[in-house]
Amino acid sequence: MRPARCLFRNVPPLALLIVLAAAPASPALAQAPAPAENLADQLAGSEGAPELDVAALRQQAAERSKSRATAAPASRPPLVPELLKLPQVSLEVLFDPDSSIIRPGSYGTLGRVADALTQPALLPYRFLIVGHTETGGRRDHNVIVSQRRADAIRDALVTTFKLSPKRLQSLGLGEEQLRDAAKPAAPANRRIQIVNVGKMPADAPAPPPQAKPAAKSKGRPQR
């Protein structure tokens, strides 16, 4: 077999540089991940955000996932419409199948999230990590899996990236708030949202320390 010819063997060096510069970027380069500064810009604001009862929302998601009245995806209204109006970003975080184990390749994404949430403009705010799935399998199981995945991301941001646990909550909605209800099985519905849910509540001042009564001496020096 003859060796393949070099396509640019007879092209002058200057012309070759022009051709290479004009060539379109590869998909890997064209789809570079958003830097932390861009994520911070998308998450900024959220003044006057509504107070969300996350525990109650978890219960609502679990109950609705068992309801026959909303069996068809097209008939499901948003379970938490308040989230649609708040600053947020959607991320693709990869997990092992039917598991809450985060794949190693997704820790770079979580690192960018952590960098964004520690930008000075975002330090006063709290964030809700919301897990979603596409349709497929049992709806109630999808809610459970999405909650575990949202919990896993919160744990990673706290333990690995040292964010304050007071700033982060987690909520799994399964397939109860689809991004594309017309295509309920589409991969776009499987995502993680980071939502700015408002400023941290002002901490109440700590009570002044009370003086302890002096210990009575028993005639022996204390060691």
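E2, H6 and E3 form a right-handed β-α-β unit. The model is predicted. Strand E2 spans residues 125-132, helix H6 residues 139-159 and strand E3 residues 168-174.

**Strand E2 and its partners**

E2 has a strand partner in E3 and another in E4. With E3 the pairing is parallel and runs over 6 bridges. Phenylalanine 127 of E2 has leucine 168 as its bridge partner in E3. With E4 the pairing is antiparallel, again with 6 bridges. Here leucine 128 is bridged to valine 195 of E4.

How much of E2 is buried? The strand is mostly covered, with 8 of its 8 residues buried. Both faces are covered. One side carries Tyr125, Phe127, Ile129 and Gly131. The other carries Arg126, Leu128, Val130 and His132. Arg126 and His132 are thus among the buried residues.

**Helix H5**

Helix H5 covers residues 107-117. Its buried residues are Thr109, Leu110, Gly111, Val113, Ala114, Ala116 and Leu117. Which elements do the buried residues of H5 pack against? They pack against the helices H3 (36-43) and H6 and against the strands E1 (88-91), E2, E3 and E4 (192-199). The β-α-β elements E2, H6 and E3 are included in that list.

**H5 against H6**

Two packed helices are described by the angle between their axes and the distance between the axes. The axes of H5 and H6 come within 10 Å and cross at roughly 65°. The crossing is right-handed. H5 contributes Tyr107, Leu110, Val113 and Ala114 to the contact, and H6 contributes Ile153, Ala156 and Leu157. By class, this contact has 7 nonpolar residues, no polar ones and no charged ones. Leu110, Val113 and Ala114 are also listed among the buried residues of H5.

**Positive phi in two loops**

Two residues that are not glycines have a positive phi: aspartate 98 and lysine 162. Aspartate 98 sits in the loop between E1 and H5. Lysine 162 sits in the loop between H6 and E3, two elements of the β-α-β unit.

| Residue | Phi | Relative accessibility |
|---|---|---|
| Aspartate 98 | about 50° | 57% |
| Lysine 162 | about 60° | 66% |

Are these loop residues buried or exposed? The cut-off for exposed is over 50% relative accessible area. Aspartate 98 has 57% relative accessibility, so it counts as exposed. Lysine 162 has 66%, so lysine 162 counts as exposed too.

Key:
Residues numbered from 1 in each chain as written. Predicted model: local features only at pLDDT ≥ 70, side-chain atom pairs only at ≥ 80, totals over all residues. Heavy atoms only, no water. Buried < 20%, exposed > 50% of the residue type's maximum accessible area, 1.4 Å probe, protein only. Helix = DSSP H or I, 4+ residues; strand = E, 2+ residues; numbered from the N terminus. Contact = heavy atoms within 4.5 Å. Pairing = 2+ DSSP bridges. Right-handed = clockwise from strand over helix to strand, strands pointing away. Axes fitted to C-alpha atoms, helices over the stretch in contact; angles between N-to-C directions. Left-handed = near helix turned anticlockwise from the far one by under 90°. Nonpolar A, V, L, I, M, F, W, Y, C, P; charged D, E, K, R; others polar.
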